[in-house]
Amino acid sequence: MIGVNQAFSASYARARIQFLEAAAAAGAAIQSHAVGLPGRDGETLAMDVARDGPADAERLLIVSSACHGAEGYCGSGVQVFALHDADWRAQARDAGVAVLYIHALNPHGFSWGRRVTQENVDLNRNFRDFSQPLAVNATYGELHPLLLPAQWPPSAENEAAIAAWIERHGMRAYQTAVSQGQCSHPDGMFFGGHGPTWSNHTLRAVLREHGRAARQVAWIDLHTGLGECGLGERIWAGSDDAEAIARARRWWDGGGATPVTSIYDGSSTSALLTGLMWGAIHDECPQASYTGIAMEYGTVSLEQVINCLRADHWLHRHPEADAALAQTIKAELKAAFYVDTDAWRGQIVAQARQSMFQAVQGLSQR
Ligand SMILES: [Zn+2]
């Protein structure tokens, strides 16, 4: 067992070292999938996978971090803490559950302080059938020039135009238009891609290999940036399947936890999204029964999160920007997805740990 604060790192490079050390100390089987691009500090970028439990386990729990790169500070801390947590590891082992930790689904974004991948793609909007015509998000197209104006910080006119749009259509419509996913603007926000990204391909290979013996798969995917600060919203991460959603609610409701929410019935703070990552489970592990959630931890206000993302995308399109401005944008983006206080880290770990115990309990009931 280590202290909660010790499990968290201030950079991707350090987080990766901590994860690999914790996995090795736990005797977990480790595989590293290198991106082949340098990290911000020259470090290797990789999606690292640690399996704690037998290769042929029929019950598999996946705990994954940094689907959205800048959210990886949180998820990595949870994973490192868990690998050092003897009580947790014994509980999973005794229940016959193998735990697969996937560290840095999007290592490039984690290292470089972006939410998106090296392809400027939102990984959690990238799991689409690219052989079919891509869904159109026309409202995003309307907002795109306002979201990413020529200059940053935005002018008073730009701020007034966005405020007027929100006034006319409502904050929820704004959130949906911006965050739902779009495939029309490759240099824009929440871009779903024009094909599977490196992380998409790599994750699918990991799921195929590690999920093929499983009869049941549970998945807890760690995110930040939505909802009340420090509160972990358990959002159903699967198709609009009433039976599966009811199962998730049996597993994760109770014990003082907030109820499992769904993007399909309006109970979640998240908008209805497209191209979500859980879709890969059904493709790669079709034999397994699947039950999964995104744990979405609140940080700062939604408006602040969106504005930090606008700034980051603006910077991506303006590499000539002043160094001081670039540094401010990066620092504000990090703070929008990681609240650097002991209290917040304590809340994160406590709620993740509870969800993990609940998942093991749920897996062993069936
Ligand atoms: Zn996220």
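Biologist: Is the crossing in which α3 passes α13 left-handed or right-handed?

Modeller: The model is a predicted one. In this model, α3 passes α13 in a left-handed crossing.

Biologist: At what angle do the axes of α3 and α13 cross?

Modeller: Helix α3 covers residues 86-94 and helix α13 covers residues 342-365. Their axes come within 10 Å and cross at roughly 15°. Angles under 35 degrees count as roughly parallel, and α3 and α13 are therefore roughly parallel to each other.

Biologist: Which residues of α3 and α13 meet?

Modeller: From α3 come W88, Q91 and A92, which meet R353, M356, F357 and V360 of α13. By character, the residues of this contact divide into five nonpolar, one polar and one charged.

Biologist: Let us turn to the sheet. What is the order of the strands in the open sheet?

Modeller: The order is read across the sheet, not along the chain. Here the open sheet has seven strands with mixed pairing, and the order is β1-β2-β4-β3-β5-β7-β6. At the edges lie β1 (29-38) and β6 (232-236), each of which pairs on one side only. From one strand to the next, the twist averages 20°.

Biologist: How many bridges join β6 to β7, and do these strands run parallel or antiparallel?

Modeller: Strand β7 spans residues 289-298, and five bridges join β6 to this strand; the two run antiparallel. To follow one bridge in the structure, begin at R234, whose bridge partner in β7 is M295.

Biologist: Which strands does helix α9 touch?

Modeller: Helix α9, residues 242-252, packs on the sheet and touches β6 and β7. The direction of α9 makes about 60° with that of β7.

Biologist: How should the domains be read? Which residues belong to domain 1 and which to domain 2?

Modeller: A domain may be written as several stretches of the chain. The domain assignment gives domain 1 as 5-127 + 191-301 + 338-365 and domain 2 as 138-190 + 304-334. The centres of the two domains, taken over C-alpha atoms, are separated by 27 Å. Their contact takes 20 residues from domain 1 and 21 residues from domain 2. On the side of domain 1 that touches domain 2, the residues divide into seven nonpolar, nine polar and four charged.

Biologist: Some backbone details remain. Which residues does a cis peptide bond join?

Modeller: The omega angle describes the peptide bond. A cis peptide bond, with omega about 0°, joins W152 and P153. P153 is placed in the loop between α5 (138-147) and α6 (156-169).

Biologist: What is the phi of A104, and where is this residue placed?

Modeller: A104 is not a glycine, although its phi is positive, at about 65°. Its place is in the loop between β4 (97-103) and α4 (107-112).

How values were computed. Residues numbered from 1 in each chain as written. Predicted model: local features only at pLDDT ≥ 70, side-chain atom pairs only at ≥ 80, totals over all residues. Pairing = 2+ DSSP bridges. Helix = DSSP H or I, 4+ residues; strand = E, 2+ residues; numbered from the N terminus. Axes fitted to C-alpha atoms, helices over the stretch in contact; angles between N-to-C directions. Contact = placed C-beta atoms within 7 Å. Parallel < 35°, antiparallel > 145°, perpendicular 65-115°, else oblique. Left-handed = near helix turned anticlockwise from the far one by under 90°. Nonpolar A, V, L, I, M, F, W, Y, C, P; charged D, E, K, R; others polar. Domains from an automatic or database assignment.
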